[in-house]
Structures are given as structure tokens and as C-alpha cells.
Amino acid sequence: MVCFCIAMGAMLSLALPDLVTMETCTSAGTPGLHGFPGLPGRDGRDGETGEKGVSGVLSGPGQKAEGGQKGEPGVKGAVGKPGRSGVRGDKGSPGPEGARGEPGESGSAGPLLQSAFSVARGTASPPEKASPIRFTTVITDVNKDYNTETGRFRCRVPGTYYFVYHASSEERLCLVFKLDGTSLSSFCDLTYGGTKRQVSSGGLATYLKKDQEVWLETNDYNGMTGKPEGNSLFSGFLLNPH
């Protein structure tokens with residue numbers, strides 16, 4: 001602002017002599033020199049918004065680029081995991097019947113394991129107490145396992161056996177099954193003073209190992225007696241070999 005006032009003052013001082021001359025002189029003088037250019041003015045205000053221009057023309061699609069050359073095959077990847085099993089298919093039709101095979105070689109029959117015996121006692125005298133009863137008459141003895149001298153059955157085929165007796169008596173009688181000296185079971189008929197002969201029986205099944213022995217014996221009641229019309233029997237047989 002100070003500079004502007006100084007410039008205006010300088011311009012007035014130059015023009016002032018001419019003004020004085022114009023007022024005092026009646027004749028026209030020579031035109032003076034042009035003054036200095038003024039300072040630039042301020043920026044003008046923004047103009048109003050112009051009207052919307054005309055829309056441009058829509059161009060067509062561009063040209064498709066040409067494909068490049070085929071590259072080299074890549075490296076083979078690792079084997080993937082097995083996929084899930086598929087649905088089970090329907091059962092197929094039966095195939096044709098095969099040819100008949102050749103006959104096999106003849107086999108050999110294995111040994112038949114068996115054991116059975118049945119012996120009788122017809123002695124009129126009673127047996128000794130607490131001793132094996134001897135049955136001296138052999139009805140059947142498949143393997144010769146019963147000894148008529150000792151009155152004992154010896155096992156040669158291990159397995160389960162069944163033993164049974166039928167005793168004829170006129171007095172009280174108690175019989176005991178023995179296995180190697182151990183009592184298995186006892187049976188007693190305590191009929192006394194009767195006029196008729198009595199018949200009692202008993203039996204059991206037991207497992208025997210090889211060379212074990214079974215027999216019958218009496219205790220204090222040993223009224224086993226035999227007559228032609230009534231004998232006593234002792235029998236046994238193998239049920240199941242092991």
C-alpha cells in the first residue's frame with residue numbers, strides 16, 4: 001500500500017506542471033508522454049456453469065488379441081490320495097459248472113477206540129468185606145480190561161465211562177464204587193428177614209485216565225449171594241474217548 005501511494009505521488013508531481021500551464025496558457029502545447037502502466041487488477045469472479053455437452057458416439061468392441069504359442073509340458077505332480085469306494089454292484093450271474101475233479105486217494109480208517117465189559121458172580125458165599133468183589137464169569141470183555149483174578153477194571157483208553165451193577169441178595173447189602181481206592185458212590189439195600197430174594201442196582205459215569213482202576217466192594221453189609229436163579233452183574237463201557 002505504501003508503494004502504491006509513492007507511485008501515485010510521483011505521477012501527480014509530473015503532471016502538475018502541465019496542469020498549471022493549461023490554466024495559464026491559451027494556446028495548445030505539445031502532447032505529453034504516456035504514463036506508466038498501472039498495477040494488475042484482482043482476479044475476477046467464477047463464471048456461470050455452462051450447458052451439458054452432447055454425448056459421444058459409442059464405439060464397438062475392440063479386436064480380440066491373438067493367442068500366444070503353446071508352452072512346454074509341466075512337471076508331473078505327485079500321486080493323489082485314493083478316492084472313496086464306489087457303490088457295490090449287483091450280484092453277477094452264476095458261472096458255468098466246473099469239470100468234475102479226479103478221484104482222491106483211498107484213505108485208511110483210524111483205530112476205533114472202544115471199551116466194554118460185563119461180568120457175573122454166581123457164588124453162594126458172600127464176598128469179603130472191604131475188598132474188591134471178584135466177578136468170575138465173563139459175559140463180554142472187548143479189550144480184556146477186566147481182571148477176574150483181582151476183580152478190577154483197568155482203563156486203557158482215557159475218556160468218560162459208565163459203570164452199573166445189578167446185585168442179587170437175601171440179606172442186607174451195601175456196595176461202593178471205588179476209583180484207585182477213593183469212594184465214588186455207595187448204594188445200600190437194608191431189607192432184612194425177608195423170604196424173597198432182592199435185586200438192587202446202581203450206576204454212575206466218571207472220567208478215567210489211562211491205567212486208573214475201578215471196582216466194587218462191600219462194607220459191613222455184604223449179603224451178595226448167588227444161585228442159579230439169581231446172579232449179580234457188573235458192567236461198564238466207554239461213553240466218550242478223550
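Is Phe 117 buried or exposed? Keep that in mind as you read these points, and remember that this is a predicted model.

1. Phe 117 is buried: its relative accessible area is 2%, and buried means under 20%. Phe 153 is buried too, at 0%.

2. Now look at the rings. The structure has 15 aromatic pairs. In one of them, the ring centres of Phe 117 and Phe 153 lie 5.0 Å apart with the planes at 20°, so this pair counts as stacked. Phe 117 belongs to strand 1 and Phe 153 to strand 4 (residues 152-154), so to speak of distant parts of the chain is fair: they are 36 residues apart.

3. Try Tyr 146 and Phe 234 next. Their planes stand at 75° and their centres are 6.3 Å apart, so here the pair is edge-to-face. Tyr 146 is in strand 3 (residues 146-147) and Phe 234 in strand 9, 88 residues apart. Both of these residues are buried.

4. Ring pairs tie a whole set of residues into a cluster, including Phe 117, Tyr 146, Phe 153 and Phe 234. Tyr 161, Phe 163 and Tyr 165 are also among the members.

5. Strand 9 (residues 232-241) is worth tracing by eye. It runs antiparallel to strand 1 (residues 116-121), joined by 6 bridges; Ala 120, for example, has Leu 233 as its bridge partner. Strand 9 is also antiparallel to strand 5 (residues 159-179), with 8 bridges between them. There, Gly 159 is partnered with Pro 241.

6. One last thing to find: Arg 152 sits over the face of Trp 215, 4.1 Å from the ring centre.

Methods: Residues are numbered from 1 along each chain as its sequence is written. This is a predicted model: local features need pLDDT of at least 70, side-chain atom pairs count only at pLDDT 80 or more; totals for chains, interfaces and linings use all residues. Side-chain values use heavy atoms; hydrogens and water are left out. Two strands pair if DSSP finds at least two bridges between them. Helices (H or I, at least four residues) and strands (E, at least two) are DSSP runs, numbered from the N terminus. Rings of Phe, Tyr and Trp (its six-membered ring) pair if their centres lie within 6.5 Å; planes under 30 degrees apart count as stacked, over 60 as edge-to-face and the rest as tilted. Buried means under 20% relative accessible area, exposed over 50%, partly exposed in between (1.4 Å probe, protein chains only). A charge sits over a ring if NZ of Lys or CZ of Arg is within 6 Å of the ring centre and within 35 degrees of the ring normal.
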